[in-house]
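Got your viewer open and a selection tool ready? Here is a walk through the model, one stop at a time.

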Amino acid sequence: MAIDGENRAAKAPADVASGAAAIIQVPTESWFRTPAATRVGVILLIVLFWEFGARIYNDPDFMAPATQSLVSLFEIVQDVEVLTAIYDMFWQLAVAFAMSLVAGLMLGMAVGISRPTYRTFFPIILMVYAFPQITVLPLLVLMFGIGPAIKVVFGFTHGFFPIIVNVIAGAQNINPALLTAAKSMGASRSQIYRRIVFPHLVPSLFTGMRLGMTATLLGIILAELYATRKGIGYFTSFYAESFEPHNLFALVTMIATAAIILNELLRRAETRFGRWRG
Amino acid sequence: MTDSKIRIRLIQVSMFAVIFVAWFIATETESVSNLFLPKLGDVATDFRDLIGSGDAWSPLSVTLFELVVAFFNAVVFGTSIGYLVSRSKFLMRAFEPMFSSMFAVPLIIFYPLALLFFGLGPGSKIAIGSALGFFPVVLNTINGFGHVDAGYMRVARSMGAKGFPMFRRVLLPAALPIILTGYRIGFILCFLSIVGGETIGSFSGLGHQIVYYAESMLTSMMFAYIIFIVIIAYILNSLVFYMERKGNYY
């Protein structure tokens, strides 16, 4: 995943640049032939396929058409329990993500700042990152119960690693000459961190934050699906088991949309704050 | 080995040693309940039983079967769709952002849906594994075939290459490393989501085994299974890394 993150970090600015260049080069492109319009068209096609597929398949226990799911969406958000579940999930996401961000940034800077600590601890971090965390979920449930704690913990352990790996990679990319120069000109430790280390970290930090946000959400949802009694994951399983696919589709689509929006916000921030390096 | 290398290894080894000694002391003195953290000796005994009795092979074969089918689906669909998209700049600009934002959705949320459609058997794990493995494969295929150095293409074209020779001699060698990385990431995601699916809802497979022993409060057997899965994951990881390097060498 770390490799994937770097790939995408390297790719994102280029993407934007080529997109911008194309728009400047071809001002005559008509609106319905832009990539965005094609995208909307494909999404509409998928929704149409969903709508008519469900109507033709016609088994209300397993499939619900798009329109019916949309109606259900307005129904389920009036259910206090579902609303609480959504609200709970977002504050758990916020807490777990804040914890991963602080821990990942602090430890990442501590490990990434010097060559010996990097060579000592980075292989261990990568090794733990590769560990399939889902295997210890039952154990964590034994320890933390099935309340909100398990979700925050599991979200944290998922979100922490993409952030720390990207922070370390970013810190390792700082040109040592800059640090030597700053030191020789008498910069204090805090000045070095504020003026050199931190600005260089920002682009990879945002990549880490984006991947970490997705991973945190994944961790929370996994924990909810495995064992909770009132989370979003619980309601998705509940709707599936009680053969209410319209509610299931509504809820799942809503969470997926929220995930896409969060990711898009962080991707915008990533290109915005990575821009200073040119 | 240089001096600093030895020092680094020493710190790493002593870190693990401290963890194991702490584990040993905590469990032997019963300051941590054996329900949460079993004794090291018990885990070792159970692990030996697990391998010796051959109990692990049947869940392992279920998981590996799901993994192979799911990864096959991900590769076939991911590579072909990725290749088709990469043939046009326009399609790339339209679809690449779409795939990459869909990749950000925790697709495991669709797992109850997969359970609804395909039941508790291998079908639902194959579905979720294929879906998760598809995205890295398709994204890296688009990236690989779509960003071949325009200089290579121009040179090859001016020398009269087109059609299959062009693909075989220019496009494929240039794109292969990126595509293989996509395969590797896709494979790992397949494995993780399949084990995850087995943990959440299943009646066979390695993930199910862990849940079974956790719920029967046989924590030492559960740890034995966790170690087993970690070893399997390590072997699979090394295998795909090896294949990736082999493929790049070619």
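Before you click on anything, keep in mind that this is a predicted model.

**Stop 1: chain A on its own**

Start by selecting chain A and hiding the rest. Which elements will you meet? Chain A has 11 helices and zero strands, so colouring by element is easy on the eye here: from the N terminus on, the run is α-α-α-α-α-α-α-α-α-α-α. Of the 278 residues in chain A, 37% are buried. Now look at how the chain folds back on itself. Among contacts in chain A with a separation of 6 or more, 78% link residues 24 or more positions apart.

**Stop 2: a helix pair in chain A**

Next, select residues 148-172 of chain A, which form helix α7, and add α9, residues 189-226 of chain A. Turn the view until you can look along both. Their axes are 7 Å apart and the packing angle is about 155°. An angle over 145° counts as roughly antiparallel, and α7(A) and α9(A) are therefore roughly antiparallel to each other. The crossing of α7(A) past α9(A) is right-handed. If you colour the contact of α7(A) with α9(A) by class, you get 19 nonpolar, 13 polar and two charged residues.

**Stop 3: a loop in chain A**

Stay in chain A and jump to Phe243(A), in the loop between α10 and α11. What is odd about the backbone here? Phe243(A) is not a glycine, yet has a positive phi of about 50°. Is Phe243(A) buried or exposed? Phe243(A) counts as exposed because 12 C-beta neighbours lie inside 10 Å.

**Stop 4: where the chains meet**

Bring chain B back. The contact between the two chains involves 43 residues of chain A and 43 residues of chain B. To see the side of chain A that touches chain B, select the helices that each supply at least two residues to that side:

- α1 (2-25) and α2 (35-57) of chain A
- α5 (115-130) and α6 (137-144) of chain A
- α9 (189-226), α10 (232-241) and α11 (245-273) of chain A

Which helix gives the largest share of this side of chain A? That is α11(A), with nine residues. By class, the side of chain A that touches chain B has 30 nonpolar, eight polar and five charged residues.

**Stop 5: the core**

Now for the inside. The largest nonpolar core holds 122 residues, and the members that touch the most others are Leu222(A), Tyr111(B), Cys190(B) and Tyr225(B). The largest share of this core, 15 residues, comes from α9(A), the helix you selected at the second stop.

Zoom in on Tyr111(B). Setting aside its neighbours within four places in sequence, Tyr111(B) is in contact with Ile128(B), Gly197(B) and Ile200(B), and also with Leu225(A) in the other chain.

**Stop 6: a helix pair in chain B**

Select α8 (163-200) and α10 (219-249) of chain B. These helices pack at an angle of about 165°, with axes 9 Å apart. That makes α8(B) roughly antiparallel to α10(B), and the crossing is right-handed. Show side chains along the contact: Leu176(B), Phe187(B) and Phe191(B) are among the residues α8(B) brings, while α10(B) offers residues including Ile229(B), Leu236(B) and Phe241(B). The residues of the contact of α8(B) with α10(B) split into 12 nonpolar, four polar and two charged.

**Stop 7: α3 and α9 of chain B**

Move on to α3 of chain B, residues 57-86, together with α9(B), residues 206-215. Their axes come within 8 Å and cross at roughly 135°. That makes α3(B) oblique to α9(B). Here Pro59(B), Leu60(B) and Thr63(B) of α3(B) meet Leu206(B), His208(B) and Gln209(B) of α9(B). The contact has three nonpolar, three polar and no charged residues.

**Last stop: Met217(B)**

Finish by following α9(B) into the loop that leads to α10(B), where you will find Met217(B). Met217(B) is another residue to check for phi: the value is positive, about 60°, although Met217(B) is not a glycine. With 11 C-beta neighbours inside 10 Å, Met217(B) counts as exposed. Then draw a distance from Met217(B) to Phe36(B). How far apart are they in sequence and in space? They are 181 residues apart in sequence and 8.9 Å apart in space, C-alpha to C-alpha.

Key. Residues are numbered from 1 along each chain as its sequence is written. Chains are lettered from A and ligands numbered from 1 in the order in which they are written. This is a predicted model: local features need pLDDT of at least 70, side-chain atom pairs count only at pLDDT 80 or more; totals for chains, interfaces and linings use all residues. Axes are lines fitted to C-alpha atoms, for helices over the stretch in contact, and angles run from 0 to 180 degrees between N-to-C directions. Helices (H or I, at least four residues) and strands (E, at least two) are DSSP runs, numbered from the N terminus. Angles under 35 degrees count as roughly parallel, over 145 as roughly antiparallel, 65 to 115 as roughly perpendicular and the rest as oblique. A crossing is left-handed if the near helix is turned anticlockwise from the far one by less than a right angle, and right-handed if clockwise. Two residues are in contact if their C-beta atoms, placed from the backbone, lie within 7 Å. Ala, Val, Leu, Ile, Met, Phe, Trp, Tyr, Cys and Pro count as nonpolar, Asp, Glu, Lys and Arg as charged, and the others, Gly among them, as polar. A residue is buried if 20 or more other C-beta atoms lie within 10 Å of its own, exposed if 12 or fewer, and partly exposed in between; C-beta atoms are placed from the backbone. A nonpolar core is a set of buried Ala, Val, Leu, Ile, Met, Phe, Trp, Tyr and Cys residues joined through C-beta atoms within 7 Å.
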